[in-house]
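Trainee: I keep hearing people label things in protein models, and I'd like to know how they back those labels up. Can we go through one together?

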Amino acid sequence: MEWNVNNAFKTYKEMEPKAMMDMSLLPHSSDPTDIALGSSSDNAIANNTAPPKRKKTMTSVFLKYFETSPDTKTRKCKLCAQSYSIATATGNLGRHLNNRHPGYDKATDVATTSVPQKPQVAVKPSQSQSKAPQIDYDHLNWLVLKWLSLSSLPPSTVDETWLGNSFKFLNPSVQLWPAEKYKAVLKEVFRSMQGDVKTTLEHVQSRVSLTLSFWSSYENIFYMSVTGNWIDENWSSHRLLLDICRIPYPSGGSEIYASLLKVFKMYSIEDRVLCCTHDNSENAIHACHSLKEYLDGQKVLPFCYIPCAAQTLNDIIDEGLATIKPIISKIREFTQELNASMELSDDFVQLTTTYQEGNWKLPIDASSRWSGNYQMVNILCKAGKSLDSVIRKNEESLEIRMVLSSAEKNAVSIVHSYLDLDSFRKTTDDMCTNKDLTVGLALLFMDNISEMITTCQKSCHNPDWLRTCAENMSQKARSYNTQVCNVFTYITAVLDPRIKTEYIPETLNLESYIDEARGHFIRNYASPHHFTSSLASGYRPHQEINEGGGGNISFAEEIARRKRRGSMSNNNAVDELTQYLSESIVPMQTDVLDWWKGNSGRYPRLSNMARDFLAVQATSAAPEEIFCVKGEEIDKQRYCMPHDSTQSVLCIRSWIEAGMKLKFKSTEIDYERLMELAATVAADNSDKIQHK
């Protein structure tokens, strides 16, 4: 019989009038591990020839299958360690054996003491049993290890009593590894998979851009995740977590910079990193500035760093909502009660239908992210009558403080109109869903937001508190524009065929930048094989690679060849860039990487440059992690992770999700094969049950 929730509920209901109705049936075991780890003899293995059935007296049941605890207050089942009150009738004990241990009276041997924690007795299986496939519990432990990783759970999870009890309910002989072994195995898996990450980066034939993300755990430990991004020869985008670093106290810019250098050296990418997108924090900016000074001093390829567009937009929105945050908190409290109560939810849905205030999908997003804040404002502005009616109808269960005054409603309405929150929502939604969120497209979004704020600021009909709010928003926008105003951001934007120079903000579209971009193109991409050679042998910005006769040619001939090649390359390079910029932009729905894949034959040198620069990320984290409830889930997982497991568990999870195979000491763990074996054993056991 297939085990599912319905079967489990049915079994429970069948047991209820028998064993489950006795309310004195309470678990009193002081040692939770008593329920675990029995030998084959503890599993009530049936003989080939079952003895004739005989009615067992309650006395024999009591003596053979139950033992009295030292305090003489409880009796404990020797098969599963379930405890009962000493006053429990022996009929209930018999029903317990029938329901929990069917076939107990046919067992070859019954332990006369409590179940041992480790197998002590080996029972030779019968001939028919020896043919059946046996479960290898190391297979189960590997499945549990993958579950821990993909669920971002610490190894200590396996020490939870009732997790083990759940496995033992299905099979009392199950043996999970102790938490310390899971921890050690996870660290070894991390080292093995990290080697594959290093090998992957060694084969990357383009420049890599990084994104940085920061958070703190419940232990007040500060972490940084470093993620690499690149575009391969087939114009496929790749995103791979490189490491999660614990930033030592005082966790400032210097400590972040030192940790970044370690990652660079570990993966040997000092000469291949183009850009670093950070989270806008002062410490991250300081660290990236120090990193740029270091790389410039090493005379490697040029390096730049930019702020996260999504985080900046989120900060702008927070400034706009600052004055109504207390009101939003009230609505959020109401929404949480609404989500938790079926009665309140039904009332709200009926009332919104009656008042024609829209269709609302329950549960409503009540997160503290922008998506949740928008929903709170939206409820008041679009379902205000329904909100008031539900609160007043349920005054006894809802707090009176949830009732909003006319002034509060008016303030929310003013902010909603002033900030045009629907436009903010559309912008953030597009950021979250657009798979081609290039730096150029992000600049287009941010420029539109700046224009909206400026328009609102010029209105003469707004209160002073709203003008102050708008000025704070404007400062955030100006800070972002200042940080992205450099030639590398300009190059990244114009290489998006949807943007080019037409949609670049005026603050960035400087005449000098086009000349600098052309100079960078000629220096680093003029030769078709220039960058590939530099990756293989180290970057040499002012040294040409010999062609043809090698050392037999004269030095004068070498100079002449270099000048001829330089002149030809320069002309071709200028022609490619000029031709590209002279063509019209493509529609916004165009897949940027597909466009370049199809046009790389027309622009062989410029396409190499595009592969490098289009890998620069506009955001330091996925926009949905910043704007939506998904970010709260990730924050919770990170916050709860202990320091001895954070790096291994979170890295392994990210690598598996990126398509990498879980490995242990260079051996791949074949999870598909493990699942096939588990299915075979389950099918065999099902057949055996049906033939009995």
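Trainee: Why is the contact between R191 and E188 called a salt bridge?
Mentor: Keep in mind that we're looking at a predicted model. Here the N to O distance between the two side chains is 3.0 Å. The cut-off is within 4 Å, for a nitrogen of Lys or Arg and a carboxyl oxygen of Asp or Glu, so the label fits.

Trainee: Okay, and what makes R191 and E188 about one helical turn apart?
Mentor: They both sit in helix α7, which covers residues 179-202, and they are 3 residues apart, so that's about one turn between them.

Trainee: Is R191 buried or exposed, and how do you know?
Mentor: Somewhere in the middle! R191 has a relative accessible area of 48%. Buried needs under 20% and exposed needs over 50%, so partly exposed is the right call. Its partner E188 comes out at 18%, which is under the 20% cut-off and therefore buried.

Trainee: How do you know that K330 and E408 form a salt bridge too?
Mentor: Same kind of check: their closest N and O atoms are 3.1 Å apart, and within 4 Å is what's needed, so they pass. This pair links distant parts of the chain, with K330 in helix α11 (residues 325-340) and E408 in helix α15 (residues 406-419), 78 residues apart.

Trainee: Why is E408 called buried, while K330 is called partly exposed?
Mentor: Look at the numbers: E408 has a relative accessible area of 19% and K330 has 23%. The line is drawn at 20%, so the two end up with different labels.

Trainee: What makes R498 and D496 a salt bridge, and are they buried or exposed?
Mentor: Their closest N and O atoms are 2.9 Å apart, so they also meet the within 4 Å rule. Both of them are buried. Elsewhere, salt bridges with shared partners tie E180, K183 and D644 into one network.

Trainee: Why do such side chains pair up at all?
Mentor: Opposite charges can pair when the charged atoms come close.

Trainee: How many salt bridges are there in the whole structure?
Mentor: The search turns up 20. For the wider picture, the protein has 28 helices and 10 strands, and 46% of its 692 residues are buried.

Trainee: And what share of the contacts with a separation of 6 or more comes from residues 24 or more positions apart?
Mentor: That would be 73%.

Definitions and conventions. Residues numbered from 1 in each chain as written. Predicted model: local features only at pLDDT ≥ 70, side-chain atom pairs only at ≥ 80, totals over all residues. Heavy atoms only, no water. Helix = DSSP H or I, 4+ residues; strand = E, 2+ residues; numbered from the N terminus. Buried < 20%, exposed > 50% of the residue type's maximum accessible area, 1.4 Å probe, protein only. Contact = heavy atoms within 4.5 Å.
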